[in-house]
Amino acid sequence: MGTVLTRQDQKCWNEGLEVALTDLQSSWNNVRHHTEEISSDRLLVRRGQAFNITLYFRKRGFQPGLDNIIFVAETGPLPDLSNGTRALFSLAGHHGPSPWIASLETNGASSLEVSLCAPPTAAVGRYLLKVHIDCFQKSVTAYQLGEFILLFNPWCPGDSVYLDSEPQRQEYVVNDYGFIYQGNKNWIRPCPWNYGQFEENIIDICLELLDKSLNFQIDPATDCALRGSPVYISRVVCAMINSNDDNGVLNGNWSESYLDGINPAEWTGSVAILKQWHATGCQPVRYGQCWVFAAIMCTVMRCLGIPTRVITNFDSGHDTDGNLIIDEYYDSTGRILENKKKDTVWNFHVWNECWMARKDLPPGYGGWQVLDATPQETSNGLYCCGPASVRAIKEGEVDLNYDTAFAFSMVNADCMSWLVYGGKEQKIHRDTNTVGNFISTKSIQSDERDDVTENYKYIEGSPQERLVFMRALQKLKARRSEGPHKADSQHSTPVPLNGDSPRSLHMPSLRPSDIVQVSLKFQLLDPPNMGQDIRFVLLALNMSLQFKDLKVNLSAQSLLHDGSPLPPFWQDTAFITLSPEEAKTHSCRIPYSQYSQYLSTDKLIRISALGEEKNSPEKILVDKIITLAYPGIMINVLGAAIVNQPLSIQVLFSNPLSEHVADCVLTVEGSGLFKKQQRVLIGILKPQHRASITLETVPFKSGQRQIQANLRSNKFKDIKGYRNVYVDLRL
């Protein structure tokens, strides 16, 4: 028997159900999905969490039981049901096994509010939302309702990036500024950085970055289908931050020549870099080094919804041959030599940690994962590194994906010192403690530094630490026949710290401690400030009961960011006679006029001393690495900071040198405070001259904000400063 139509049914059959207007409720949804900082006009939602939309109809309202509404969500250029980039899901809930959900909220006379929810495993990206309406099994034309962007959801327990701490979510996803730690292990300086992940157009640039990847260019359908995996996304982004394989965001440069670009030390934020990359048709921006690569990756990952933080490792190993030994070579004067193997220990190296489940690994290896976007070697054919489980690094499980062996060597390799003389190499000393110190990141909701070294390694010298080292070494030996290992580390670039007196690295004597009878040690007499002479003493101590006659060769040389030495620019020789158990000092001074022209951007000077005992073949080597300091920029906020109200900001800076400096440029930025980076041409600054500039701006976002500033000239590149500002919503 056929179905009997009522008069209302017949009207439905004749008229159909036509969508006149769609309200995506962007402003309301974005607040609930923690995306309101990105936009209030565009719909940006997170997977695994419902969002509401309202459909307005032209002639009549929705009739349950007669009208069947089928929603369609599509992403990518080739949406397909089988690979999850196309979803069909019915309001009635009976249209196939789709994990997407649609449910009725309210049904008005001519409108319908529905709740939609993407599964917590859905591919992230830009989606087109459509609707098909069947009225009593009579097909009706499909409607395009609009576009939305779907992001990862660290607030959703079903999402593989779920983080169960709200303070951590606020810090590692929502916070748009932070600090990147630089300097050396005895003098750690926070460098302010504007991540700006919610600034205008940044989300679009991040999605463009995914579409410019080699993965997408080769197979866009598969690439889009895999975008639900944070492991996959993190590797794609990691490869795209550098430009070694593609038109990635940044060109790396460690040559000290930046005439056709920007010195990496000058950058203070990610926004200007990402916008320049987009504006030039995705041409790589010149130039970056490790902390810039890590900062850009932090911006992109936080924007996409993956909890991310920036990590600094002091005394970071770069083991090129995969034997977990960093070899360093010295000549008879104590000068460090160019390493043919390119093994080095950088004063610091910067990478990222991203939070995610690792279902591709054994249980227990999820959580924080190392990702290093600085290009050195390839991983599966692309210049990227990670994700490597931090726990796997700590336990020496170097055979787990991805690039865990290389990450392990950065924090836990041993250091071997060799003396080169007469064409021979003499093994002098093996240090198990040098590599991997004070591994640092910004604290949660604080400007303090958080030391996370214990996440990466057991206490140096402990039985557990040596056991893990041997486990890693055995695994590496076992896989040698499988092919080349991952080698992807970096250099560094130091800069001064607020308040702390600058100190320096102090390597132990090359002679084993059990036979040392004479020790040498450097001691700075003043903080090593740029523009001033460097004053220090060499302390010689005779610990024996015999007289000792020493000849000590002293030298100083600049170091590049990758640990490469430059030729010595200062030398001295001291003859020291020591009575039994006597200590003596030898005073030294290196004038500014002598070292200034030899400095690299990193302002690193290595002073060394090689001591020889009379009538003895034994040699004693000691050195310090000194980071020269600049005075910081002072920033004052003149008055209360209120959204949409004018605000004056005073910036005070000075020329720390006793000579004229030219080509001075001040840059100032801050997310929510300035629409774009401010550049002020200063020109020439007289010796020791102090100056101030007042800038006017109108804050457009409320809450805690930060101003970042940098002053560069022809003599220096990175005098920095910052100021935290709280912006009120209203008077």
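Helix axes are lines fitted to C-alpha atoms over the stretch in contact, and the angle between two axes is taken between their N-to-C directions, from 0 to 180 degrees. The exercises below concern a predicted model.

**Exercise 1.** Determine how helix α4 is oriented relative to helix α8, and which residues form their contact.

*Solution.*

Step 1. Two packed helices are described by the angle between their axes and the distance between the axes. For α4 (residues 202-211) and α8 (residues 271-279), the axes come within 10 Å, and the crossing angle is roughly 60 degrees.

Step 2. The α4 helix is therefore oblique to α8. As to handedness, the crossing of α4 past α8 is left-handed.

Step 3. On the α4 side, the contact involves Ile 202, Ile 205, Glu 208 and Leu 209; their counterparts in α8 are Val 271, Leu 274, Lys 275, Trp 277 and His 278.

Step 4. Sorted by character, the residues of this contact comprise 6 nonpolar, 1 polar and 2 charged.

**Exercise 2.** Identify the buried residues of α8 and the elements that cover them.

*Solution.*

Step 1. Val 271, Ile 273, Leu 274 and Trp 277 of α8 are buried.

Step 2. Among the elements covering these buried residues are the strands β12 (187-194), β13 (250-252) and β14 (285-288). The cover also includes the helices α4, α7 (230-241) and α9 (290-304).

Step 3. Beyond the helix, α8 is followed by Gly 281, which has a positive phi near 70 degrees.

**Exercise 3.** Establish how many disulfides the structure holds, and examine Cys 303 and Cys 354.

*Solution.*

Step 1. A disulfide is a covalent bond between the sulfur atoms of two cysteines. The cut-off applied here is a sulfur pair within 2.5 Å. The structure holds 0 disulfides.

Step 2. For Cys 303, the nearest cysteine sulfur belongs to Cys 206 and is 3.9 Å away, and Cys 303 is in no disulfide. Cys 303 counts as buried because its relative accessibility is 0%.

Step 3. Cys 354 is likewise in no disulfide; its nearest cysteine sulfur, that of Cys 298, is 7.9 Å away. With a relative accessibility of 0%, Cys 354 therefore counts as buried.

**Exercise 4.** Locate Gly 158, assign its exposure, and give its separation from Gly 183.

*Solution.*

Step 1. Gly 158 lies in the loop between β10 (143-151) and α3 (166-174).

Step 2. Because its relative accessible area is 42%, Gly 158 is partly exposed.

Step 3. In sequence, Gly 158 and Gly 183 are 25 residues apart; in space, their C-alpha atoms are 40 Å apart.

Terms used:
Residues are numbered from 1 along each chain as its sequence is written. This is a predicted model: local features need pLDDT of at least 70, side-chain atom pairs count only at pLDDT 80 or more; totals for chains, interfaces and linings use all residues. Side-chain values use heavy atoms; hydrogens and water are left out. Helices (H or I, at least four residues) and strands (E, at least two) are DSSP runs, numbered from the N terminus. Angles under 35 degrees count as roughly parallel, over 145 as roughly antiparallel, 65 to 115 as roughly perpendicular and the rest as oblique. A crossing is left-handed if the near helix is turned anticlockwise from the far one by less than a right angle, and right-handed if clockwise. Contact means heavy atoms within 4.5 Å. Ala, Val, Leu, Ile, Met, Phe, Trp, Tyr, Cys and Pro count as nonpolar, Asp, Glu, Lys and Arg as charged, and the others, Gly among them, as polar. Buried means under 20% relative accessible area, exposed over 50%, partly exposed in between (1.4 Å probe, protein chains only).
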